[in-house]
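Subject: Handover of a structure and the findings on it

Dear colleague,

Please find below the structure that I am handing over to you. I would be grateful if you would read the notes after it with the coordinates open.

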Amino acid sequence: DVTEIEEKEAQAKQEEQIMKEQELSNLLHEKRYLKALGLAISLDRPHTVLTVVKAILKETDGRKHLEENIARLRKDQKEAVLTFLVTWNTNSRNCHEAQAVIETLLKHEAPDSLLQYSGIKSAVESLLPYT
């Protein structure tokens with residue numbers, strides 16, 4: 001019977017998820033945005049990533065800090081943010097943050113590099129009507 005083992009694994013995963021969410025909350029409180037972005041992306045939490053982006057933009061020189069943080073993300077993390085911002089851009093409450101991230105990606109990534117992103121074609125097609 002593997003039921004007990006599966007229950008223990010599920011409980012361990014749930015405890016790990018709670019720990020990561022607490023860590024994310026602490027990072028946001030401490031204004032350690034780069035780590036918060038990375039953790040929110042790894043947890044596949046688009047709304048949390050949006051919350052981090054909004055927090056960065058509220059800071060003094062928010063655009064500058066956003067550029068610094070987005071530029072320091074890995075390629076796979078930037079791809080994830082790109083997929084998230086396609087959804088953000090369709091909502092008028094979040095479109096300004098989405099546009100700020102798009103601007104940052106376009107400024108700091110070479111066109112050839114952007115073309116290597118997975119899902120870039122569909123992302124651009126989805127962004128055009130709302131941008």
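The notes that follow go through the core, the helix packing and several individual residues.

Please bear in mind throughout that this is a predicted model.

**The nonpolar core**

The largest nonpolar core comprises 34 residues. Leu37, Val49, Leu85, Trp88 and Val101 are the residues with the most contacts inside this core. Two or more residues each are given to the core by helix H1 (3–29), helix H2 (33–42), helix H3 (46–58), H4, helix H5 (75–89), helix H6 (95–108) and helix H8 (120–127). H5 provides the largest share, with 7 residues. As general background, nonpolar side chains in soluble globular proteins tend to be buried together.

Trp88 deserves a separate look. Leaving out residues up to four places away in sequence, Trp88 touches Pro46, Val49, Leu50, Val53, Asn94, Cys95, Ala98 and Val101. Val49 and Val101 also appear with Trp88 among the core residues with the most contacts.

**Helix H2 and its surroundings**

How many of the 10 residues of H2 are buried? The number is 7, so H2 is largely enclosed by the rest of the structure. The buried residues are Tyr33, Ala36, Leu37, Gly38, Leu39, Ala40 and Ile41. They pack against H1, H3, H4 and H5.

Two of these residues, Tyr33 and Leu37, are also in contact with Asn69, as are Leu34 and Ile56, when neighbours of Asn69 within four places in sequence are set aside. Another, Ala40, is in contact with Thr48, and so is Leu24, again without counting neighbours of Thr48 within four places. Thr48 belongs to helix H3 and is classed as buried because its relative accessibility is 15%, under the 20% cut-off.

**Packing of H3 against H4 and H6**

H3 takes part in two helix pairs that I would draw to your attention. In the pair with H4, the axes lie 6 Å apart and the packing angle is about 135°. H3 and H4 are therefore oblique to each other. H3 contributes Val53, Ile56 and Leu57 to this contact, while H4 contributes Gly62, Arg63, His65, Leu66 and Asn69. By residue class, the contact of H3 with H4 has 4 nonpolar, 3 polar and 1 charged.

In the pair with H6, the axes of H3 and H6 come within 10 Å and cross at roughly 80°. This angle makes H3 roughly perpendicular to H6. The contact is formed by Leu50, Val53, Lys54 and Leu57 from H3 together with Glu97, Ala100 and Val101 from H6. The residues of the contact of H3 with H6 comprise 5 nonpolar, no polar and 2 charged.

Val53 and Leu57 are named in the contact with H4 and again in the contact with H6.

**Asn69 in H4**

Is Asn69, a residue of the H3 and H4 contact, buried or exposed? Asn69 is buried, at a relative accessible area of 9%. Its place is in helix H4 (residues 62–71). The Asn69 side chain reaches the backbone oxygen of His65 at 2.8 Å. His65 is itself one of the H4 residues in contact with H3.

**A polar contact between His108 and Glu67**

His108 lies in helix H6 and counts as partly exposed, with 41% relative accessibility. His108 and Glu67 are separated by 41 residues in sequence, and their C-alpha atoms are 8.2 Å apart. Their side chains are joined by a polar contact of 3.2 Å.

**Residues with positive phi**

Most residues other than glycine have a negative phi. Against that background, three residues may merit inspection.

- Lys31, in the loop between H1 and H2, has a positive phi near 60°.
- Asp44, just after H2, takes a positive phi of about 55°.
- Asp61, in the loop between H3 and H4, has a positive phi of about 60° although it is not a glycine. Asp61 is exposed, with a relative accessible area of 52%.

For orientation on a first viewing, I would suggest beginning with Trp88 and the residues that it touches, including Pro46 and Cys95. The surroundings of Asn69, including Tyr33 and Ile56, could follow.

With kind regards

Technical notes. Residues numbered from 1 in each chain as written. Predicted model: local features only at pLDDT ≥ 70, side-chain atom pairs only at ≥ 80, totals over all residues. Heavy atoms only, no water. Helix = DSSP H or I, 4+ residues; strand = E, 2+ residues; numbered from the N terminus. Buried < 20%, exposed > 50% of the residue type's maximum accessible area, 1.4 Å probe, protein only. Polar contact = N/O pair within 3.5 Å; in protein donor to acceptor, adjacent residues only side chain to side chain. Contact = heavy atoms within 4.5 Å. Core = buried A, V, L, I, M, F, W, Y, C linked by side-chain atoms within 4.5 Å. Axes fitted to C-alpha atoms, helices over the stretch in contact; angles between N-to-C directions. Parallel < 35°, antiparallel > 145°, perpendicular 65-115°, else oblique. Nonpolar A, V, L, I, M, F, W, Y, C, P; charged D, E, K, R; others polar.
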